[in-house]
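Reader: Could you take me through a few geometric details of this model, with the reasoning behind each assignment?

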Amino acid sequence: MTRARVLFLRTFKPDPLNFAVLTSLALAVQDTAVVEIVGDLRDRAAIEAVWRDAFGPDATVDGAVELIPATRETWRREILVRIGAADAIVLNISPKDVDFPDFPFGPPMTEMLNDFWERFMDSPIASPMTGRGLLREICYLNRLQRLPDTVVACEARYQPTLDDLIALGGTMGDAVDRHGNFVTPRLTAIDKQVGHLRKAFRGITYRHPDGGGSLLPAFAAALGSALREVLAGTAGHERPPVDLGNLTGRSASPRPLPPDGALKIVAFTDVEELLFLPPGELIEISHEEMGRILNREAVRLGCPYCHTRLPEMFFFTAGLRRHGLRGDGQRDWPNGICQVCGHKSSLFGDDALAPQ
């Protein structure tokens with residue numbers, strides 16, 4: 001009988017509790033599934049040490065946990081492949097510091113000032129809640145439509161903040177009061193991906209004893225129950241066919257891409273590096289070309305919203321044909337999406353960017 005494959009993902013790799021969740025997951029699916037984890041040789045040593053602590057000095061991870069080796073350059077593509085092939089997925093959410101960061105707000109204003117727009121743009125963006133790179137996994141789960149097959153795990157003390165982040169990540173834009181004070185934090189684009197977790201099959205919290213512990217039996221029981229439902233297909237979710245080749249790398253030819261499956265030419269950026277792609281047919285415009293189009297001040301300012309530098313933005317023009325940027329007839333109209341704050345901008349006049 002073929003055993004199911006359960007993929008274990010983590011949003012902050014160095015968190016030692018990842019391995020307590022991993023051993024609990026292995027206990028939950030023992031004899032019915034193999035747990036996969038993408039990592040490197042250092043992960044292998046850590047897994048084996050925690051495994052012996054949980055199951056005894058002679059216990060071996062062989063046959064229960066499979067480490068998928070990946071490097072800094074290959075892990076994104078490896079994760080995409082494994083997400084596409086897994087029968088079920090467990091995602092552990094954890095902060096990169098002692099706690100999730102506080103949400104920063106700028107100094108309060110009591111009246112609308114002449115420099116309101118500048119104050120709005122200069123308001124602080126919240127620090128990323130956890131590992132910037134690994135939060136991309138949520139983006140990938142959403143693109144492959146695998147969130148209905150995903151169980152989200154989180155330590156109980158972080159659940160209220162995570163619930164807030166999921167709700168805030170699903171909102172449109174930034175909310176301000178009548179004086180221009182922010183009433184919601186300015187989340188980074190990477191944190192906005194957390195909003196997709198509202199589509200997950202189930203969320204389960206756990207409590208880790210103060211004295212440590214490499215195994216959480218009650219948590220394992222809850223995981224086992226949820227994963228049996230996912231593996232049995234009771235979620236009623238039909239997995240759509242996906243061509244993984246369209247979700248990685250760059251291509252000078254049109255290919256169907258998220259978020260709507262429309263044909264797009266993304267020839268200068270690896271698709272897996274992008275958090276936001278606009279809907280509709282489009283052609284990417286390179287950073288080098290945009291650098292020649294924009295004036296020096298526009299290049300210096302970068303994104304009109306958060307002032308991140310131009311290489312952090314994705315530039316494009318609508319349609320699948322370039323018409324040129326000059327002339328009296330039909331012409332290209334460059335647009336941009338910031339991959340840090342998530343806001344859109346477009347060419348203003350001949351050589352500047354303006355918010356949309």
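The questions and answers below concern a predicted model.

Reader: How do the axes of α3 and α5 stand to each other, roughly parallel or oblique?
Author: The axes of helix α3 (residues 75-85) and helix α5 (residues 136-143) come within 10 Å and cross at roughly 40°. Since angles under 35 degrees count as roughly parallel and 65 to 115 as roughly perpendicular, the crossing angle makes the arrangement of α3 to α5 oblique.

Reader: Which class of residue, nonpolar, polar or charged, has six members in the contact of α3 with α5?
Author: On the α3 side the contact is made by W75, R76, I79, L80 and I83, and on the α5 side by R136, E137, Y140 and L141. Sorted by class, the contact has three charged residues and no polar ones, while the class with six is nonpolar.

Reader: What kind of aromatic pair do W51 and F55 form?
Author: Both residues lie in helix α2 (residues 41-55), where W51 and F55 are four residues apart, about one turn of the helix. Their rings are 4.6 Å apart centre to centre, with 50° between the planes. Planes under 30 degrees apart would count as stacked and over 60 as edge-to-face, so the pair of W51 and F55 is tilted.

Reader: Is F55 buried or partly exposed?
Author: W51 has 7% relative accessibility and therefore counts as buried. For F55 the relative accessibility is 32%, and because buried means under 20% and exposed over 50%, F55 counts as partly exposed.

Methods. Residues numbered from 1 in each chain as written. Predicted model: local features only at pLDDT ≥ 70, side-chain atom pairs only at ≥ 80, totals over all residues. Heavy atoms only, no water. Axes fitted to C-alpha atoms, helices over the stretch in contact; angles between N-to-C directions. Helix = DSSP H or I, 4+ residues; strand = E, 2+ residues; numbered from the N terminus. Parallel < 35°, antiparallel > 145°, perpendicular 65-115°, else oblique. Contact = heavy atoms within 4.5 Å. Nonpolar A, V, L, I, M, F, W, Y, C, P; charged D, E, K, R; others polar. Phe/Tyr/Trp six-rings, centres within 6.5 Å; stacked < 30°, edge-to-face > 60°. Buried < 20%, exposed > 50% of the residue type's maximum accessible area, 1.4 Å probe, protein only.
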